[in-house]
Amino acid sequence: MAGQKSFMSPLTILMFVIVVAAIATWLIPAGKYDTLAYQENKSFLYKTADSETILPFSQPTLDSLHILIPLEKFSAGSIRKPVSVPSTYKKSASQHQGIIATLKGPVKGIYDSIDIIFFVLLIGAFIQIINESGAMIRGLTSLSYRMKGKEAWLIIILTFLFSFGGSSYGMAEEALAFYPVLIPIFIAAGYDLIVPVAVIFAGTQLGTLSSFTNPFSTIIASNAAGISWTDGLTERILMFVITTAITIWYIVRYAQKVKKNPASSLVYKSGGELTTGATQILEKPAPLDNKTKLTLFIFAATFLGMITGVVFFDWWLLEMSTLFFAASIIAAIVLRLKEAVFIQQFIAGAQGILPVALIIGVARGVTVLLNEGQISDSIIFYAANLVSTMPPALFIVLLLVMYMLFTLFISSSSGMAVLTMPIMGSLALLVNVPGREIVNAYLFGMGIMGFMTPTGLVLPSLALAKVSIKAWWRFIYPLLIILFIVCAACLVIGIYIK
């Protein structure tokens, strides 16, 4: 929007963070915790700075080391990374990271993240092929026509679908395509321009808050924190239901108020127009053809297949990447795409999501520098001392606020996950807070602040609908207060559920 200051991109911000991380290796004393890792031969590997020891795979072993994790969490694969052993921190020789090491950091991060990066690229390619077919737009247009005269129900259904898309697979940028379709429908129904923004943008952003299977946030964050993404799944599904219901109620309440009294529109009160003049009623769309129905089925079946595979068949990045690769080929066959067109769309989809993939790798570079400088454990140690007397309830709420502040500068959920989760996941063990609640604090914090952060999609969304940032803030801040209270309460309750 005109007059808005430009913000640095997440990649630029992360490069600054990498430089800060390198400088920190010169300022923070080096040190390490002893670690305990599960071995496939049903034993524990205990590592110190200069030795390795095999320990029995038993609960007494964990108890003797004061590790408050049930034994079955290791054997079930919920804890994938070595965990820090409390009260074993020891200082070590400094490992200062210079200019060359700083430049290598993001490159090493990309090397370390190549499996996740490839998975993200394949998702982008698959979504591009589906979107270019027009099946999603035709399906939505058909639904919109069926709901003519029942637009309040259209708000309910679409907000739920956009929220589900965000929660399940990370729907975000692709939702921008729906504004030209929905704006005329809602204006013709007597609503203002905030309503389509609330339905589309708030719906998908709400999905970030309540992500239950989103590979760009929940799965990556859980992996980085060393826990299974299914740990806390029930709680996240419950939050999806609660927060989506609250948001739908809030939007419908506002939309109905504007319909009764157009002068109550926040767009109008903020100096905007009551309508855009786009009041035409859509003509009856053609029935969905079999090809469109089959394409939509492939789209839904792919994500359901991913969820099923991970939950029931122990799939991970290799299997999930293969699924999306295969689904892309199947969709191309169904759509009868020529080989050259398929390759072009496949590459364009991967290219479109490349910034997200690079953010994942570059953000991992921060962890690389902290680890090679041997200050990751030092940060955990000093942070643990700082909060060692803090009640867990206060700690988890402060962590929620911290993630809200982080989101002002880094709007990428995947970048935030790999940047912070390795440290926060280890810290959770030391302050006796379940790892799932650390992940939830990250999701809730990013989800709430994402409604307003200029580095996210709010400005492009408002520009498409010609809504001022002032009108949007006046509309959204009461909802954010409600969501914050609900999220904080959920986190506090969650830390006492074992």
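## Where α5 meets α16

In this predicted model, helix α5 brings Ile116, Ile117, Val120 and Leu121 up against Leu354, Val356, Ala357, Ile360, Gly361 and Arg364 of helix α16. Sorted by class, that contact is made up of 8 nonpolar residues, 1 polar and 1 charged.

How do you describe a pair like this? Two packed helices are described by the angle between their axes and the distance between the axes. Here, α5 covers residues 114-132 and α16 covers residues 354-372; their axes come within 9 Å and cross at roughly 165°. Angles over 145 degrees count as roughly antiparallel, so α5 is roughly antiparallel to α16. The crossing of α5 past α16 is right-handed.

## A look at helix α7

Next up is α7, which takes in the 19 residues 151-169. Does its length add up or fall short? At 1.5 Å a residue, α7 should span 27 Å, and its end C-alpha atoms sit 26 Å apart, so the two agree.

Plenty of names turn up on the buried list for α7, including Leu154, Ile155, Leu158, Phe162 and Tyr169. Glu151 is buried too, as are Gly165, Gly166, Ser167 and Ser168. Just after α7 comes Gly170, with a positive phi of about 85°.

## Val431 in its loop

Now for a single residue: Val431 sits in the loop between α19 (413-430) and α20 (435-449). Is Val431 buried or exposed? Its relative accessible area is 14%, and buried means under 20%, so Val431 is buried.

Val431 and Asn385 are 46 residues apart along the chain, and 9.5 Å separates their C-alpha atoms.

Terms used:
Residues numbered from 1 in each chain as written. Predicted model: local features only at pLDDT ≥ 70, side-chain atom pairs only at ≥ 80, totals over all residues. Heavy atoms only, no water. Helix = DSSP H or I, 4+ residues; strand = E, 2+ residues; numbered from the N terminus. Expected span 1.5 Å × (residues − 1). Buried < 20%, exposed > 50% of the residue type's maximum accessible area, 1.4 Å probe, protein only. Axes fitted to C-alpha atoms, helices over the stretch in contact; angles between N-to-C directions. Parallel < 35°, antiparallel > 145°, perpendicular 65-115°, else oblique. Left-handed = near helix turned anticlockwise from the far one by under 90°. Contact = heavy atoms within 4.5 Å. Nonpolar A, V, L, I, M, F, W, Y, C, P; charged D, E, K, R; others polar.
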